[in-house]
Amino acid sequence: MWYHKPVINEELLQSLPNLKIVASSGVGIDHLDLNLLSSYGVKVSNTPFVVSTDTADLGMALMLASSRRLVEGYQMAVSPDTDYFPADWLGAEVSGATLGIVGMGTIGYKVAERAKAFEMKVLYHNRNQRNKEEESAVGAIYCKKIDDLLQQSDFVLLSVNLTPQTHKMIGKRELELMKPTATLINISRGLVVDQDALVEALLNKVIKAAALDVTYPEPLPRDHPLLKLKNVIITPHIGSATKKTRRLMMENMVESIEAGLAGLPVPNEVF
């Protein structure tokens, strides 16, 4: 499967009685009905580890681009109407700021490693607290309650899997807990954020800005209000989109398929 296609439903499974494995690209498996696949005896694999470095890089890129207003700055620099650069056109600091990471898995932890180089204070919220050695290595502080993270962070970065528990986990209440100077960064799944609440928060200056690699749907309708806001950066779901990583993803999928067909243990099997 690539970009969640083809759709795996009961009709397809019934038409493929010899199907042994579905190899899905990327980390997320929210597009798959694991119980249905298991009932047909079909195994599932994904490619969770090869995408983490590039996705963490993109998370930092979105943070920097949003804070320093790079898209707006580019538009000003190349506009035929620009006669001068205003001295009061300012961005926000990343170095020394507080970053709150929601979801400290492989990707979230790699973001924390990068944030350390920027001398950021790193807070994180996760289902499980990481061990002290891992926390110490990146200077991360665990927030058992997400509210504590939201209230303290200058940047809130979402790096969670989409599950029933994380579906629209950032809504009106959560956005209102954030600082009015804060930026929301989403590199996970669009449905982790209530987009209607986000639009309202951005319009009413409840938060300062948003930088999104994911939305729902993808792409957004061309008249969607998020596309009209200057304090929003949207990229086309490119967290893993480098030549090297996409090739490694495909190689991982091939390895899983070959193992599944040979009856061997499947690398990166999803249970």
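Here are two short exercises on helix packing and sheet layout in a predicted model.

Residues are numbered from 1 along each chain as its sequence is written. As the model is predicted, local features need pLDDT of at least 70, and side-chain atom pairs count only at pLDDT 80 or more.

**Exercise 1.** Work out how helix α3 packs against helix α5.

*Solution.*
- Start with the geometry: α3 (residues 52-67) and α5 (residues 106-117) meet at an angle of about 50°, and their axes are 8 Å apart. Axes here are lines fitted to C-alpha atoms, with angles running from 0 to 180 degrees between N-to-C directions. Helices are DSSP runs (H or I, at least four residues).
- Now classify: the pair is therefore oblique (not under 35 degrees, not over 145, not 65 to 115).
- Then list who touches whom (heavy atoms within 4.5 Å): α3 brings S52, T53, T55, A56, D57 and M60, while α5 brings T106, I107, K110, V111, R114 and A115.

**Exercise 2.** Lay out the sheet and find its edges.

*Solution.*
- Write down the order: seven strands (E, at least two residues) form an open, parallel sheet, β5-β4-β3-β6-β7-β8-β9. Strands pair if DSSP finds at least two bridges between them.
- Read off the ends: β5 (140-142) and β9 (232-234) each have a single partner strand, so one side of each lacks a neighbour in the sheet.
- Add the twist, which averages 15° from one strand to the next.
- Zoom in on one pair: four bridges join β6 (residues 155-158) to β7 (residues 183-186), and V156 has L184 as its bridge partner in β7.
- Finish with the helix on top: α9 (residues 195-203) packs on the sheet, touching β7, β8 and β9.

Technical notes:
Heavy atoms only, no water.
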